[in-house]
Amino acid sequence: MSSSPSGRFERIVLIYNPDAVKFPFYLAEQLREDLALRLPAVPVQLRHTKSAGHARELARAAAGEGWPLIVSISGDGGFNEVVNGVMDVPETQAVCAVMAGGNANDHRRSTRRQALIEAIVDGEVRQIDLLRLRVGDGPQAWSRYAHSYIGFGLTPLMAIGIEGGQKGVIKELISVARTVAGLRPFEIARADGARARLDSLVLANIPEMAKYGRVSESGDPADGRFEVVMLPHASKWRIALMTLRAVTVGLGEQPSVSSYAFTTTDSIPVQTDGEVMTVSAETDVVVESVPRALTVIG
């Protein structure tokens, strides 16, 4: 990646939700003040979102010009929109960062090296892998990038349960327990023809997810691989034990691959970094690592 003529970022773009009752609004104002003191020569642009998906549009526009640092002040879902907006621009010179400001901040927690303001001042960048989800073939096909994980089954349902419930560790775990109670298994057909009946399938680029769980002991987001965490269909108490293990001692070592493909037999929910969507029945799905796809700081 080339750098700006000044050796620093040409400008810094802060993307955030402007709702005054939400934390990102205050974080954006504070970060702007800190940047004005520490890097007074670098312009700071505030870009607030207006609706779901708008962060992607804002990031795409920012990434298409010059050498910006684009900071998503959000949770994992907001950062996912920003990442996809940047990836919409081929050969972009943009650098990305995330400032934890949402309900779940797995990426920031797993990849943090120093305080964000110090990382911006230091200006040291690095490249990380992304996961690319490709769904279907032909004109109906679609794709999405993920910075941290892609989950099928239990994972997106847990996200929906948490979002619909009250906030706080105990209350959110109760929401998860209620979600598990209503869980329905799903079936996939792998490329070798074998079928698997699962409660959960997580493809993870980082070792921690769902705010409290540790899904693997490795999960290096820059090794060209991702971990496959599979939970075969089991009784509800076994699922509860797995969840308890994840939030206490972790799930231990998991197999890692660079690509994973299967075909759905039923319509199933999928979560990419907090963004929940649906994959139709009888649809081909491929998840692959895209090595060193995103330049980041922090």
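Me: Before we look at α3, what does buried mean here?
Reply: Buried means under 20% relative accessible area, exposed means over 50%, and partly exposed lies in between, with a 1.4 Å probe and protein chains only. This is a predicted model, in which local features need pLDDT (the predictor's confidence in each residue, from 0 to 100) of at least 70, side-chain atom pairs count only at pLDDT 80 or more, and totals for chains, interfaces and linings use all residues. Residues are numbered from 1 along each chain as its sequence is written, and side-chain values use heavy atoms, with hydrogens and water left out.

Me: OK, is α3 mostly covered or mostly uncovered?
Reply: Mostly covered, as 10 of its 12 residues are buried.

Me: Which ones are buried in α3?
Reply: They are D76, G77, F79, N80, E81, V82, V83, N84, G85 and V86.

Me: And how far does helix α3 reach?
Reply: Helix α3, residues 76–87, reaches 16 Å from its first C-alpha to its last, close to the 16 Å expected at 1.5 Å a residue, where the expected span is 1.5 Å times one less than the number of residues.

Me: Switching to the chain, how many helices and strands?
Reply: The protein chain has 8 helices and 17 strands, taken as DSSP runs numbered from the N terminus (helices H or I, at least four residues; strands E, at least two).

Me: Where is confidence lowest and highest?
Reply: Strand β11 (residues 213–214) is lowest, at a mean of 48, while helix α2 (residues 54–63) is highest, at 98; the protein chain averages a pLDDT of 82.
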